[in-house]
Amino acid sequence: MSMKKLTRYYRKLKIRNIKIAVLAVIASIFFLPSIVPFEKTGNNMFAILLNNQEVGVTASKEEAHKCVLEARRRIALGSNELLLVESDLKTLGSEVLWGKVDRPEEIVENMVQVLSKGLEGSLRRSYIVKINEYTVNLSSQQEVLGLLQAAIDKYDGEGRYHADLTLDPSRELPVLTSRIREKEEAAGEVQQVVNMEAGIHAELTEVFEEVEPAAGEMDFSDYGLGLISMEYGDEIEVVEAYLSDSAITDLETAIREVTQDEEKNGVYEVVAGDTLSEIAIKTNIPLDRLIDLNDSLEDERSLIRAGDELVITVPQPKLTVVRQEEMYYEEDYEEEVVYIDNDEWYTTEKRTLQEPSAGHRKVIALVTFENDKKTAQEIIKEEVTYPAVAKVVERGTKIPPTYIKPISGGRKSSGFGPRSRPTKGASSYHKGIDWATPTGTAVHASCGGTVARAGWGSGYGYVVYINHPDGRQTRYGHLSKVLVSAGQTVSQGQKIALSGNTGVSTGPHLHFEILINGSQVDPLKYMN
């Protein structure tokens, strides 16, 4: 073969090899799993950005969303907590004839790495405990029970009672509430109850019931005494929630907040014989603080009556525990006062017919406590060593008359009692009260009654005396004109005179007195 022909042959062979190589490359592109042929239908390949970081390429947006869901699932796998993860997914589309896409597993692994860096925190399964208006967040049911148990243990030294959680049947949503149960009672419910009251067992039961003393025949030694029941005095609600660690309170702090006493407003009902100073001592509240707490009290001399309710502050924990105890004690006691009503007397009149004397007794009592405060007591057995003698009091039932200010307006110019530099001829001890008022001001009867005197009264000038049904007398002096006469019956508020400046007087005014048993008293203490 000539050299020229040989060169032409090798040139053809080389071109054929190049064609074969090109076809092989094209074929490999279509047969490799990461190379995908596309049709020209718009965006058909998508770069995936997660939190602005490229994590792979896929052929569809749907595939990208599936991958991010799987990545989130893997992060949360094996945890009882809710995870807070920043997850900003974007897809950038492009139109290509063919292109390389990443395997879903690779994309998911890349996404897991990115999401782990953006893990912001977690929400832990926890429990919100609500006691009235107070709430606290705890990490588990065991801690909830530990908190509620601590309130019980404060008063249950023998450990007989325990806290229990149960669904609240009155709520539509799953809300837990709590109750206190005796441990023996709870243990008995777990065991199967077998009815043994048959045959010989029933006969033995009847025999023992006949031997046991009836409730009214029990001796002091037959009572067990001590704690017999406990319950929570406040509404408790417990609900599940997912909260961050920063929102959860540790158990020790929660127990301290719930069981520690704090000042709360309470109510004290005034009883007969109470004074403000005695109530302050009873309630351990300073008198000035007691007055500040009650708008009805102006000072320590403010009037209080039996049945009035006063606001007081009492130390109480957030969770109240109500308990009953059987208690034995011996005491000196007094019988209640026996009253004999007299319809002819005013309610301000009374007389002791029999003096009391204390007795002595032995007692079994059922005592109810709210926390440390005794709220009720019922005597269930009593043995009197020697009886008490009751105090017997006769008392009036008629409502006594009232006294009003005898003029409208006026300026108080002189009070009741000692005074310096009186007008010449006047007493240094003022026996009434003066109101400066222009001459001719209407003077009214302070209380209804019978006019005892009306006319000139020496130092009083023109004066009116009125006798009242309760035995008291009122006097109105320095009048300019008298409008009633002796023996006349007048009603409360009736116009009886005009004020003036007669008698021993330094200027126009009304002098007013109230006399009890013939002696002047301070009118301001008896006027409404």
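**Group meeting: contacts, strands and salt bridges in a predicted model**

I will start with a polar contact: a polar atom of the glutamine 149 side chain sits 2.8 Å from the backbone nitrogen of alanine 163. Before going further, note that this is a predicted model. Glutamine 149 belongs to helix 4, residues 141-153. Its relative accessibility is 17%, and because the cut-off for buried is under 20%, glutamine 149 counts as buried. Beyond its neighbours within four places in sequence, glutamine 149 contacts Tyr161, His162, Ala163 and Tyr232. So alanine 163 appears in that contact list as well as in the polar contact, a case where "contact" is defined as heavy atoms within 4.5 Å.

Next, asparagine 137. This residue is in strand 8, residues 134-138. Its side chain also reaches a backbone atom, here the oxygen of alanine 247, at 2.9 Å. Is asparagine 137 buried or exposed? Asparagine 137 is buried, at a relative accessible area of 18%. Leaving out neighbours within four places, its contacts are Tyr127, Ile128, Leu243, Ala247, Ile248 and Thr249.

Now to the strands around strand 20. Strand 16 and strand 20 run parallel and are joined by 6 bridges. One bridge partnership there is tyrosine 339 with valine 393 in strand 20. Strand 17, residues 350-354, pairs with strand 20 as well, in the antiparallel sense, over 4 bridges. Here glutamine 354 has valine 392 of strand 20 as its bridge partner.

Strand 16 covers residues 338-346 and includes isoleucine 340. What is the relative accessible area of isoleucine 340? The value is 37%, which makes isoleucine 340 partly exposed. Together with Val338 and Leu353, Ile340 forms a nonpolar patch on the surface, with about 230 Å² of accessible area together.

After strand 20 comes proline 406. Proline 406 is in the loop between strand 20 (392-398) and strand 21 (411-414). This proline is buried, at 0% relative accessibility. Which residues does proline 406 touch, not counting those up to four places away in sequence? They are Trp435, Ala442, Val443, His444, Tyr476, Leu510, Phe512 and Met527. Glycine 493 is 87 residues from proline 406 in sequence, and the C-alpha to C-alpha distance is 7.4 Å.

Last, salt bridges. The count comes to 21. I will go through three of them.

Lysine 100 and aspartate 102 form one, at 3.8 Å from N to O. Aspartate 102 is partly exposed, with 23% relative accessibility.

Arginine 323 and glutamate 325 form another through their side chains, at 3.0 Å from N to O. Both arginine 323 and glutamate 325 are buried.

The third is arginine 475 with glutamate 513, where the closest N and O atoms are 3.9 Å apart. Arginine 475 is in strand 28 (residues 473-482) and glutamate 513 is in strand 31 (residues 509-516), so this pair ties together parts that are 38 residues apart in sequence. Arginine 475 and glutamate 513 are both buried.

There is also a network: Glu70, Arg73, Arg74 and Glu105 are joined by salt bridges that share partners.

That is where I will stop.

Terms used. Residues numbered from 1 in each chain as written. Predicted model: local features only at pLDDT ≥ 70, side-chain atom pairs only at ≥ 80, totals over all residues. Heavy atoms only, no water. Patch = residues over 30% accessible without salt bridge, like charges linked within 9 Å, V, L, I, M, F, W, Y side chains within 5 Å. Areas by Shrake-Rupley, 256 points an atom, 1.4 Å probe, with all protein chains shown as cover. Salt bridge = Lys/Arg side-chain N within 4 Å of Asp/Glu carboxyl O. Helix = DSSP H or I, 4+ residues; strand = E, 2+ residues; numbered from the N terminus. Buried < 20%, exposed > 50% of the residue type's maximum accessible area, 1.4 Å probe, protein only. Pairing = 2+ DSSP bridges. Polar contact = N/O pair within 3.5 Å; in protein donor to acceptor, adjacent residues only side chain to side chain.
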